[in-house]
Structure formats: structure tokens, C-alpha cells
Amino acid sequence: METAAVSFLHTQACKISSNQGIIILLWIGWCDTGSDKGFSDQQLTECAKRQNLGNRGSEVKVDGVPVAKLDVRQSLISGKLDYKINSLTNVTESTSKAFSLTIPPDTHEANQVPGTWRAVSQEWWVFLKPLSPGLHTVFYNIRVTPTGALTSPGTNPHFADITYNLQVTK
């Protein structure tokens, strides 16, 4: 059975100060004790990493110039997490310490238990220095990597192109 890819295109216009840096969240996965009752912080950390199984790739460009690239693969081999970095250029990977996460009663996420829970996340970020005054374009994507389509277990491939047209003021 063949599945269709999920595509997303988004363009946003914003005004920001030339004193402000920019943070771009490329990928995030988390686990919480509402859905994963009884998990220790270490188990939540392992669970969060498993939320990012598959091939993950993104590229960030500022004014058409590539500034960051993410191409990683996380899979399970005999129940153990296998992690391969193909490219991690100007991208910061982090795994959080435990924090409080509130899931509202009207959440749109499937299988989430409303309430405030202890949670842990794994994510990849790009940190951009402040841009000079003027018009700038920040573009990032989530695309096919050299090793295949971006997938998570039980989901279709996802592709996204996100563009921010920025008016940077002094």
C-alpha cells in the first residue's frame, strides 16, 4: 500500500529589531508522564529520542545563502537506539532536563492526556545572529534526505517549506 506525502508551505511577514537574534526549531520529540505513566527521567529521555525515529533533514538559508544543515537518522536496532549524523552544520542538538508540560483539554494532538506532567524533549535548533537593518528572507525546509524520505513510524513522509520575509529595523 502506497502512502501520500504530507506537504506544508508557509510564508510569514514579520518586523524585528536588528538587536534580536533568531531561533529556529527544526525538530522536536517529547515524552511525558501523562502518556507514559511511571517513567523515570531517564526513561522519558530515551522515549523522547524514540519520537524522532527516522530520517530527519532540514536546511536553513538567509537571503538565499545556506547557513545550516541537518541530516540525521535515528532507528532501533534490536531494541537499541541507533543514531547516525550525516550532517549537523550550525545546528544545535539538545535533550532537555525534566520540565513541566501542560496539555490542554482541547489539545489537537492524538493520544495526549490533558493535565500537567513531567516531560523530557529532544530537539534540533538553529541560532541566527541579529540581521542588519533592511529586508531579509529566512527560509527553512524539512525535506527528503540522501538516505530516503523523512518518516516517523506509522506516519507518511512530511515535507515543509517555511519562509519568513523579515523587515529588520534599527
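This section describes the fold, strand pairing, core and selected residues of a predicted model.

The secondary structure of the protein comprises 1 helix and 10 strands, arranged along the sequence in the pattern β-β-α-β-β-β-β-β-β-β-β. Of its 170 residues, 34% count as buried. Among contacts between residues at least 6 apart in sequence, 66% join residues at least 24 apart. The mean pLDDT of the protein is 85, and 86% of the residues score at least 70. Of the elements, β8 has the highest mean pLDDT, 94, and β1 the lowest, 84. Over residues 145–154 pLDDT stays under 50; the model has 31 contacts beyond four places in sequence for this segment.

Strand β8 spans residues 115–128 and pairs with strands β2, β6 and β7. With strand β2 (residues 22–32), β8 runs antiparallel and is joined by 10 bridges; within this pairing, Ile28 has Glu123 of β8 as its bridge partner. Strand β6 (residues 92–95) is likewise antiparallel to β8, with 4 bridges between them, and Thr95 stands opposite Gln122. The pairing of β8 with strand β7 (residues 99–103) is also antiparallel and extends over 5 bridges. In that pairing Ser100 stands opposite Arg118.

Ser121 lies within β8. Its relative accessibility is 5%, and Ser121 therefore counts as buried, the cut-off being under 20%. The side chain of Ser121 forms a polar contact of 2.5 Å with that of Glu123, the residue that is also the bridge partner of Ile28. Beyond four places in sequence, Ser121 is in contact with Ile28, Gly29 and Trp30, with Ala48, and with Ser94, Thr95, Ser96 and Phe99. Among these contacts, Ala48 is one of the buried residues of helix α1.

Helix α1 covers residues 41–50, and its buried residues are Leu44, Cys47 and Ala48. Viewed down the helix axis, these buried residues fall within an arc of 100 degrees and so line one face of α1. An α-helix has 3.6 residues a turn, so residues three or four places apart point the same way. The cover over the buried residues of α1 includes β2 and β8.

The largest nonpolar core contains 22 residues, and those with the most contacts inside it are Ile22, Ile24, Leu26, Val126 and Val138. Two or more residues of this core come from each of β2, β3 (54–62), β4 (65–77), β8, β9 (134–142) and β10 (158–169). In soluble globular proteins, nonpolar side chains tend to be buried together. Leu26 illustrates the surroundings of one such core residue: leaving aside neighbours within four places in sequence, Leu26 is in contact with Ser58, Val60, Leu70, Val91, Trp124, Val126, Tyr140 and Ile142. Of these, Val126 is itself listed with Leu26 among the core residues with the most contacts.

A further buried serine, Ser18, is located in the loop between β1 (6–17) and β2. With a relative accessibility of 17%, Ser18 counts as buried because this value is under 20%. Apart from neighbours within four places in sequence, Ser18 is in contact with Pro130, Leu131 and Pro133, and with Val168, Thr169 and Lys170.

Definitions and conventions. Residues are numbered from 1 along each chain as its sequence is written. This is a predicted model: local features need pLDDT of at least 70, side-chain atom pairs count only at pLDDT 80 or more; totals for chains, interfaces and linings use all residues. Side-chain values use heavy atoms; hydrogens and water are left out. Buried means under 20% relative accessible area, exposed over 50%, partly exposed in between (1.4 Å probe, protein chains only). A polar contact is a pair of N or O atoms within 3.5 Å; within protein, one must be able to donate a hydrogen and the other to accept it, and residues adjacent in sequence count only if both atoms are side-chain atoms. Contact means heavy atoms within 4.5 Å. Two strands pair if DSSP finds at least two bridges between them. A nonpolar core is a set of buried Ala, Val, Leu, Ile, Met, Phe, Trp, Tyr and Cys residues joined through side-chain atoms within 4.5 Å. The arc is that of the directions from the helix axis to the C-beta atoms. pLDDT is the predictor's confidence in each residue, from 0 to 100.
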